[in-house]
There are 2 protein chains.
Amino acid sequence: MKSYHHGNLKQELINCACRLCERDGYTKLSIRSLAKESGVSQTAPYRHFETKETLYASVATEGFKKLSKACHIDADKKITKKHLVEIGYNYIEFGLKNANTYDLMFGTAVGNFAEYPELLESANSTYENMRLSFSKLASDSDEVIAFKCITLWSMVHGLVGILRKVQVVGDDFDEGVGPISTASVIATNLEDHLDKVLTGLIQS
Amino acid sequence: MKSYHHGNLKQELINCACRLCERDGYTKLSIRSLAKESGVSQTAPYRHFETKETLYASVATEGFKKLSKACHIDADKKITKKHLVEIGYNYIEFGLKNANTYDLMFGTAVGNFAEYPELLESANSTYENMRLSFSKLASDSDEVIAFKCITLWSMVHGLVGILRKVQVVGDDFDEGVGPISTASVIATNLEDHLDKVLTGLIQS
DNA sequence: GCTATCATGTTTACACTGCTAACATTAAAT
DNA sequence: ATTTAATGTTAGCAGTGTAAACATGATAGC
């Protein structure tokens with residue numbers, strides 16, 4: 001006894017899209033398959049998402065919320081360098097374990113965040129969280145804090161990219177000092193690595 | 001008086017694809033439009049590229065060759081830290097000026113480089129060039145050299161990603177210490193920034 | 001030089017996609 | 001109770017990747 005109106009279609013579409021995006025990558029996701037999965041007509045999603053990019057933006061928004069949570073450090077306690085390393089580590093872990101969603105968040109599938117207020121908000125809040133943590137480590141100026149924060153972010157962001165690129169090739173290629181094995185070494189000693197870089201960053 | 005056989009179709013398709021990919025982004029590129037552009041039937045490209053991914057791989061290969069060239073330092077002269085900063089700067093410049101091609105090289109459009117020998121070769125050779133430059137700076141062990149090299153690479157790779165993501169939003173958003181203006185500061189002082197990070201890296 | 005072969009190009013066709021327009025149903029507002 | 005707006009459906013367009021069957025012509029062996 002299915003009613004004509006679904007009742008909760010938008011949220012169900014988003015949930016479904018998040019699941020399928022992460023499972024198969026966002027390129028494999030089609031609005032039509034999504035509609036079928038929710039037992040609704042092919043064009044029903046268009047009542048809730050103007051274009052496919054709008055749907056992508058919703059998935060990316062969810063992604064930033066999860067990333068925010070993964071990188072959150074309890075604000076009450078005193079922040080040490082160890083905490084920052086932890087943030088970086090958690091960031092990288094998120095990027096590697098949610099690789100397909102991560103692509104949607106940082107790739108070009110969603111062109112301009114400013115067109116999607118919720119997305120812009122969730123992305124900015126991820127940044128604000130990180131910045132707050134840095135601000136509790138030392139009494140730097142706002143500019144220096146922001147600078148360090150962006151430096152850490154680009155560092156871990158870059159590592160996610162390189163590690164992923166190198167992982168898929170497989171490790172029977174460059175025994176020794178090639179990019180694959182080197183990246184592996186970095187990956188297995190991530191905390192050490194982040195610690196070194198952050199030490200340089202914090203002291204300067 | 002056009003002959004049935006084109007004569008140089010494969011190379012023309014690659015050139016055309018490189019141009020269109022960089023102009024419109026690889027998602028806008030279709031095999032059919034490419035064929036039309038070369039004045040040939042819709043399915044002719046399939047005689048030269050098994051799938052669309054194979055075509056992508058060719059474009060990415062060209063990309064790595066250009067990147068290699070952009071990051072090349074003349075091997076004869078003595079390498080100083082300044083040269084490494086220059087490499088990093090050139091890398092970032094390439095990533096920003098060839099953003100769409102860069103996506104193809106480091107995104108997920110081409111899944112596994114190992115399936116495309118020429119691509120794997122050109123990507124590895126980019127890495128080897130960089131590693132060679134590092135090896136001429138100090139007498140580190142191969143492992144340390146590789147480590148530093150991957151660290152610089154992930155650093156600049158991450159900066160390209162963050163800078164691009166933040167650029168499209170526009171700079172009338174977060175006056176002061178938001179990610180946009182901070183990234184702008186880093187961008188306009190790229191040499192300084194790389195110098196700082198590299199100094200920490202080289203001394204450790 | 002003649003012919004068989006094979007690389008390369010064409011035509012046709014299928015299943016899929018994003019998206020629009022016109023219409024149907026029902027919940028909410030007046 | 002009636003109007004209206006939100007949400008759903010159906011039909012259809014133009015475009016896509018790709019496979020199969022066929023056409024053409026360059027080239028290799030006789």
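Biologist: Let's start with two helices. Are H4(A) and H5(A) roughly parallel or roughly perpendicular to each other?
Modeller: H4(A) and H5(A) are roughly perpendicular to each other. Keep in mind that this is a predicted model.

Biologist: At what angle do the axes of H4(A) and H5(A) cross?
Modeller: They cross at roughly 105°. Angles from 65 to 115 degrees count as roughly perpendicular. The two axes come within 5 Å. H4 of chain A covers residues 81–97, and H5 of chain A covers 99–106.

Biologist: Which residues make the contact?
Modeller: From H4(A), it is A:Tyr91, A:Phe94, A:Gly95, A:Leu96 and A:Lys97. From H5(A), it is A:Ala99, A:Tyr102, A:Met105 and A:Phe106.

Biologist: And by class, what does the contact of H4(A) with H5(A) have?
Modeller: Seven nonpolar residues, one polar and one charged.

Biologist: What about chain B? At what angle do helix H4 and helix H5 of chain B pack?
Modeller: At about 105°, with the axes 5 Å apart. That makes H4(B) roughly perpendicular to H5(B).

Biologist: Which residues of H4(B) and H5(B) meet?
Modeller: On the H4(B) side, B:Tyr91, B:Phe94, B:Gly95, B:Leu96 and B:Lys97. Their partners in H5(B) are B:Ala99, B:Tyr102, B:Met105 and B:Phe106. By class, that contact has seven nonpolar, one polar and one charged residues.

Biologist: Zoom out for me. How many helices and strands are there in chain A?
Modeller: Nine helices and zero strands. Along the sequence, the pattern reads α-α-α-α-α-α-α-α-α. The C-alpha trace of chain A spans about 65 × 45 × 30 Å along its principal axes.

Biologist: Now the two chains together. How many residues of each are in contact?
Modeller: 43 residues of chain A contact 42 residues of chain B. The area buried between the chains is about 3,500 Å². Carbon and sulfur atoms give 73% of that area.

Biologist: Which three residues supply more of the area that chain A buries against chain B than any other three?
Modeller: A:Ile162, A:Lys165 and A:Val177. They supply 18% of what chain A buries there.

Biologist: Which helices of chain A each supply at least two residues of the side that touches chain B?
Modeller: H5 (99–106), H6 (117–135), H7 (142–167), H8 (179–188) and H9 (190–203). The largest share, 16 residues, comes from H7(A).

Biologist: How does that side of chain A break down by class?
Modeller: It has 22 nonpolar, 14 polar and seven charged residues.

Biologist: With charged residues there, what is the count of salt bridges between chain A and chain B?
Modeller: Zero salt bridges between the two chains. The count of residue pairs in polar contact across them is six, both residues at pLDDT 80 or more.

Biologist: So how many salt bridges does the structure hold over all chains?
Modeller: 16 over all chains. One salt bridge joins the side chains of A:Glu62 and A:Lys65, at 3.9 Å from N to O.

Biologist: Where do A:Glu62 and A:Lys65 lie?
Modeller: Both lie in helix H3 of chain A, residues 52–70. They are three residues apart, about one turn of the helix.

Note on methods:
Residues are numbered from 1 along each chain as its sequence is written. Chains are lettered from A and ligands numbered from 1 in the order in which they are written. This is a predicted model: local features need pLDDT of at least 70, side-chain atom pairs count only at pLDDT 80 or more; totals for chains, interfaces and linings use all residues. Side-chain values use heavy atoms; hydrogens and water are left out. Contact means heavy atoms within 4.5 Å. Buried area is the accessible area (1.4 Å probe) that two parts lose on being put together, summed over both. A salt bridge is a side-chain nitrogen of Lys or Arg within 4 Å of a carboxyl oxygen of Asp or Glu. A polar contact is a pair of N or O atoms within 3.5 Å; within protein, one must be able to donate a hydrogen and the other to accept it, and residues adjacent in sequence count only if both atoms are side-chain atoms. Helices (H or I, at least four residues) and strands (E, at least two) are DSSP runs, numbered from the N terminus. Ala, Val, Leu, Ile, Met, Phe, Trp, Tyr, Cys and Pro count as nonpolar, Asp, Glu, Lys and Arg as charged, and the others, Gly among them, as polar. Axes are lines fitted to C-alpha atoms, for helices over the stretch in contact, and angles run from 0 to 180 degrees between N-to-C directions. Angles under 35 degrees count as roughly parallel, over 145 as roughly antiparallel, 65 to 115 as roughly perpendicular and the rest as oblique.
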